[in-house]
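Open the model in your viewer and keep the selection panel at hand. The stops below are meant to be taken in order.

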Amino acid sequence: MNETPNTRDTLANLLTETRQFAPPPDLAANANAKADEYEKADRDRLAFWEEKANRLEWTKKWDRVLDWDNPPFAKWFVGGELNVAYNCVDRHVLAGNGDRVAIHWEGEPGDTRTITYSQMLEQVCRAANALTDMGVRAGDRVAIYLPMIPEAAVAMLACARIGATHSVVFGGFTASALASRIQDADAKVVITSDGGYRRGKPSDLKSIVDEAVTQCDSVEKVVVVQRTGGEVTFGDKDVWWHDVVDNASSEHTPESFDAEHPLYILYTSGTTAKPKGILHTTGGYLTQVAYTHSAVFDLKPESDVYWCGADIGWVTGHSYIVYGPMANGATQVMYEGTPDTPHKGRYWELIQKYGVTILYTAPTAIRTFMKWGDDIPAQFDLSSLRILGSVGEPINPEAWMWYRQHIGGGECPVVDTWWQTETGAIMVSPLPGVTPTVPGSAQKSIPGIEADVVDDEGKSVPNGGGGFIVMREPWPAMLRTVWGDDQRYKDTYWSRFDGMYFAGDGAKRDEDGNIWLLGRVDDVMLVSGHNISTTEVESALVSHPKVAESAVVGATDPVTGQGIVAFTILRGDVEGSDELLAELRNHVSKNLGPIAKPRQIMVVSELPKTRSGKIMRRLLRDVAEHRSLGDVTTLQDSTVMDMIQKGMSS
Ligand code: 6R9
């Protein structure tokens, strides 16, 4: 058992993990990224990134790798020019790989489309011409509000091709959330569809856009992809995608854009505050997403079948469905629907069908699969898999083990990748051919990245210490600002610690120097003077064989300041009882120390989550403190809170 934490610690370090898994020898021998990557980056960080930028095709070489003369405003590959769409599509066709499949698309109802790189090029060119015909010019903004259909990738790449800045909005957001994002970006065109399929039903997107657009004077045209064939009302601004895109020319000459040309704006998922438009630019962004996709997933474009289960409306969909994988010429699976439609083995069925070799998904999905039971993946042949990735939240060590065991056949390395909308690309992650992996830890800065864990005063914490994760140096894919609000950019990310990027996450370094992410700083609990991370208590609960998922919050407590309240989902058909709850409280106490023992545990059937699967703890805090709920507009399913509140009062 651990000792009681020292009260002076910025963040207590309670959980210990001793399991470790060496990279499979053949993976290590043939890995894209070997140990010398770290040495190269340490020797000369800027030369390292320059080498990675050279993996892309530039029409004009840069004069300077990094301009950091006016921090926190960075410029990477200053003076360089390139076209992102050319790098993601044309160059693969020109290299003779036009017949390679870019996307194996699977609709939720079971309809499929196979799109090669040649076909992708044709579609992107047509869409680029159609947007140009509508008057969209370089620098204009285009909002994209689409389900997971290939047109989402085509639309993004078409914007990139003509230098229009896209702003993708989650297909699940309400009209008012969509309207405020369109207004903030002053978008000229909205690309949407009649709907999409989720949970067996066609959703309706067009009427939401109609409602939003009435509040958005900037919008001149709405382009509508026909997906469900559902009824739509057409007004003056509306045009069908198949009319304007299919009739446009398939010839389009890509123009070159400055390395710092704005590529996209993406509003942060906002588990806490008002959404911010995070701005990403061209050359540095593409360099880092392409490099990390190759190094962290070890992608071999000729033989791998890659699948990232994220939605296009999340940064993961931008960096690791569209830009990173396509810059690397990957063949990938894209799936429209939810993992339980029409049955709970849908993911595994698709892996078997397409021979998926690399899977990238989120802890929330993994814990859901755990809850559904091991017997479901066991019915499918998952032997094609060779690497598993995780992103979006801390992955509890037991969920990590389950993923490795039941999905990865006990052999696939699991890479836990930490990054943010703001960082644009993976920052902390094992390299699958180099790093012995540790369940639950994101482990190390990738080569060329300077992440650190610091205390309240910005000093590096020693091994065994806890604090905040920061970046000590700028990086190529970093956000350049908050759209239209440079001051907010400075205040939010660069004012907490002098000269360092503050990510807002708690973290610790274990005895071997591995980095562990411990959740958002706003979620840290203060119990009797000890700063305790919600993540560690959640992981302790998930390590009990009867628990699938848990969300922990600190609720005001007259004695301890805050008391730990846990909302817990049980595995399979386990029934909750007073004995089990007592057992769970003791289990946490035994694993982390008595200080972390929950005051109360509640069994629930669902947890409130954003569309990208992050638990919204602030809503649970409202429940635990018997307050009325705060903003619920970014919730994936708003009925969940009613269920939890009813359970709380009964
Ligand atoms: C890519 C993405 C960013 C926040 C981040 C952190 C959490 C993401 C994580 C992780 C622990 C990981 N997060 N990956 N926490 N381990 N591997 O998720 O971007 O939606 O902006 O969220 O997500 O709290 O600060 P975004």
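The tour goes from one sheet to the helices on it, then to the ligand, then to another sheet.

This is a predicted model, in which local features need pLDDT of at least 70 and side-chain atom pairs count only at pLDDT 80 or more, while totals for chains, interfaces and linings use all residues. Residues are numbered from 1 along each chain as its sequence is written, and side-chain values use heavy atoms, with hydrogens and water left out.

**Stop 1: the sheet of 7 strands.** The strand order in this open sheet is 5-4-17-16-18-19-20, with mixed pairing. Strands (E, at least two residues) and helices (H or I, at least four) are DSSP runs numbered from the N terminus; two strands pair if DSSP finds at least two bridges between them. Select 112-116 and 414-416 to see the edge strands, 5 and 20, each of which pairs on one side only. On average, neighbouring strands here are turned by 20° against each other, direction ignored. Axes are lines fitted to C-alpha atoms, for helices over the stretch in contact, and angles run from 0 to 180 degrees between N-to-C directions.

Next select 305-308 and 331-335: these are strands 16 and 17, which pair in the parallel sense over 3 bridges. Tyr306 has Gln332 in strand 17 as its bridge partner.

**Stop 2: helices on the sheet.** Select 283-297, helix 10, which packs on the sheet and touches strands 16, 18, 19 and 20; contact means heavy atoms within 4.5 Å. The direction of helix 10 makes about 125° with that of strand 19. Then select 397-407, helix 14, which touches strands 18, 19 and 20 and makes about 150° with strand 19.

**Stop 3: the ligand.** Which residues come nearest to the ligand? Of the 18 around it (a heavy atom within 4 Å), they are Asp416, Thr417, Thr421, Asp505 and Arg520. Helix 11 (315-327) and strand 25 (515-520) each supply at least two residues of the shell.

For polar contacts (here, pairs of N or O atoms within 3.5 Å), show these distances:

- Gly392: a backbone N or O atom lies 3.0 Å from a ligand nitrogen.
- Thr421: a polar side-chain atom lies 2.5 Å from a ligand oxygen.
- Arg520: a polar side-chain atom lies 2.8 Å from a ligand oxygen.

Taken alone the ligand exposes 520 Å² (Shrake-Rupley method, 1.4 Å probe), and the protein buries 95% of that.

**Stop 4: the sheet of 4 strands.** This open sheet has the order 21-22-24-25 and antiparallel pairing. Its edge strands are strand 21 (451-454) and strand 25. Select 466-471, strand 22, which 4 bridges join to strand 21. Asp452 has Val470 as its bridge partner in strand 22.

Notes. A polar contact is a pair of N or O atoms within 3.5 Å; within protein, one must be able to donate a hydrogen and the other to accept it, and residues adjacent in sequence count only if both atoms are side-chain atoms.
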